[in-house]
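Student: I am new to this structure. Could we go through it together, one short question at a time?

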Amino acid sequence: AADALTRAQSLEQIGTKVAHELKNPLTGVKALVQLGLRNPAEAASRDRLEIVDREVTRMQEILQNYLSFTRPLQEVTPRRVELGRLVSDTLEVLSARADGARVRLYTQGEAAIDADPRRLKEALLNLVANAIEATPPGGEVDVEVRPAGGDAEIVIRDTGRGMTAETLRRIGTPFFTTRDDGTGLGVVLARSVIAQHGGSLRYESELGQGTRVRVALPRVAKGGRDGPCARRR
Ligand code: ADP
């Protein structure tokens, strides 16, 4: 269901939602700045500055995710990518976060395909970050790379809280989030990048047990007839 929904979302619709999502944090920041102009001593409190910082970070995340899924795959040349290496690099970036959450990260396997490594890494970063976020202290996230008859599969498995049927149904819909500080764009971005490679993204989850994300990628990026960006061409 999420597949169809994402494809059905035109870039314009997502743009309208992005504008809408930015409105609240912008209004909040503006109100605090105006208060500061009237009464500098009161507004400069640590609490208020933390709110401004948090809201600005949120706006940055929304924009960053939005911008990265509006960039079509054609703008970059796919090249040979060792997926095992790409996954290790991705886990490296997230290692501090995993340590902080006391979640152990593992990886195994190797497969090589033609892909856009930078965009694929963006997609994986979002998926693995979600897995870490969903996993309680002492748990683990395991990322396996396997060849699949010339194509490749990346399986991200976590021992986290899992998803309700409702979340499983809505995941990947723009701005769907169950987190207070979530943007609800991470999976949209990942799905879009994977679709642009001609691949697919599938979730399996059991509440309280964990989640498994299967990313299937063709041997050669097909340059995506799929995903929100394709509509513009
Ligand atoms: P965000 O992380 O900003 O909430 P995402 O699109 O990345 O946005 O994820 C949407 C929602 O999907 C999350 O809020 C969470 O509820 C759920 N989700 C994603 N990955 C997992 C996972 N591995 N385990 C449990 N829930 C998940």
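Student: How many of the residues of H8 are buried?

Tutor: Keep in mind that this is a predicted model. A residue counts as buried if 20 or more other C-beta atoms lie within 10 Å of its own. The buried residues of H8 include Gly-186, Leu-189, Arg-191 and Gln-196. H8 is mostly covered, and its buried count is eleven of eleven.

Student: What share of the protein chain is buried?

Tutor: The protein chain has eight helices and seven strands. It runs to 233 residues, and the buried part of them is 32%.

Student: Which residues come nearest to the ligand?

Tutor: The shell around the ligand has 23 residues. Helix H6 (117–134) and helix H8 (186–196) are the elements that each give two or more of them. The residues that come nearest are Asn-130, Ala-134, Thr-177, Gly-182 and Gly-186.

Student: Which element gives the largest share of the shell around the ligand?

Tutor: By type, the shell splits into eight nonpolar, twelve polar and three charged residues. Its largest share is four residues, and they come from H6.

Student: Is Ile-113 buried or exposed?

Tutor: Ile-113 sits in strand S3. It touches Val-81, Leu-83, Ala-152, Leu-217 and Arg-219, leaving aside residues up to four places away in sequence. Inside 10 Å it has 22 C-beta neighbours, so Ile-113 counts as buried.

Student: Which residues of S3 point to the other face and are not buried?

Tutor: Side chains alternate along S3, residues 112–115. Ile-113 and Ala-115 point to one face and are buried. The residues that point to the other face, and are not buried, are Ala-112 and Asp-114.

Student: Which residue in S3 stands opposite Arg-80?

Tutor: Strand S1, residues 79–82, runs antiparallel to S3, and four bridges join the two. Opposite Arg-80 in S3 stands Asp-114.

Student: How far apart in space are Ile-113 and Val-220?

Tutor: Along the sequence, 107 residues separate Ile-113 from Val-220. Contacts between distant positions are part of the wider picture: among contacts with a separation of 6 or more, 76% join residues 24 or more positions apart. From C-alpha to C-alpha, the distance between Ile-113 and Val-220 is 6.1 Å.

Student: And what separates the C-alpha atoms of Glu-153 and Leu-105?

Tutor: Glu-153 lies in strand S5, residues 151–158. Along the chain, Glu-153 and Leu-105 are 48 residues apart. Their C-alpha atoms are separated by 18 Å.

Student: Why does Glu-153 count as partly exposed?

Tutor: Glu-153 does have contacts beyond four places in sequence, including Arg-146, Arg-214 and Val-215. A buried residue needs 20 or more neighbours, and an exposed one has 12 or fewer. Inside 10 Å, Glu-153 has 18 C-beta neighbours, so it counts as partly exposed.

Student: What is the bridge partner of Arg-202 in S7?

Tutor: Strands S6 (residues 200–206) and S7 (residues 210–217) run antiparallel, joined by seven bridges. They form a hairpin with three residues between the strands, where Gly-208 has a positive phi near 80 degrees. In S7, Arg-202 is partnered by Arg-214.

Student: Where is Arg-102, and is it buried or exposed?

Tutor: Arg-102 is in the loop between helix H5 (83–101) and strand S2 (104–108). Its phi is near 55 degrees, a positive value in a residue other than glycine. It has 11 other C-beta atoms within 10 Å, so Arg-102 is exposed.

Student: What is the phi of Phe-175?

Tutor: Phe-175 lies in the loop between helix H7 (165–170) and H8. It is partly exposed, because it has 15 other C-beta atoms within 10 Å. Phe-175 is not a glycine, yet its phi is positive, at about 75 degrees.

Student: Over which residues does pLDDT stay under 50?

Tutor: The mean pLDDT of the protein chain is 86, and 87% of its residues reach 70 or more. Where pLDDT is low, the predicted coordinates should not be read in detail. The values stay under 50 over residues 1–8, and they are also below 50 over residues 224–233.

Student: What ipTM does the predictor give the complex?

Tutor: Two scores come with the complex. The pTM is 0.78, and the ipTM is 0.98.

Conventions
Residues are numbered from 1 along each chain as its sequence is written. A residue is near a molecule or strand if its C-beta atom, placed from the backbone, lies within 6 Å of it. Ala, Val, Leu, Ile, Met, Phe, Trp, Tyr, Cys and Pro count as nonpolar, Asp, Glu, Lys and Arg as charged, and the others, Gly among them, as polar. Two residues are in contact if their C-beta atoms, placed from the backbone, lie within 7 Å. Two strands pair if DSSP finds at least two bridges between them. pLDDT is the predictor's confidence in each residue, from 0 to 100.
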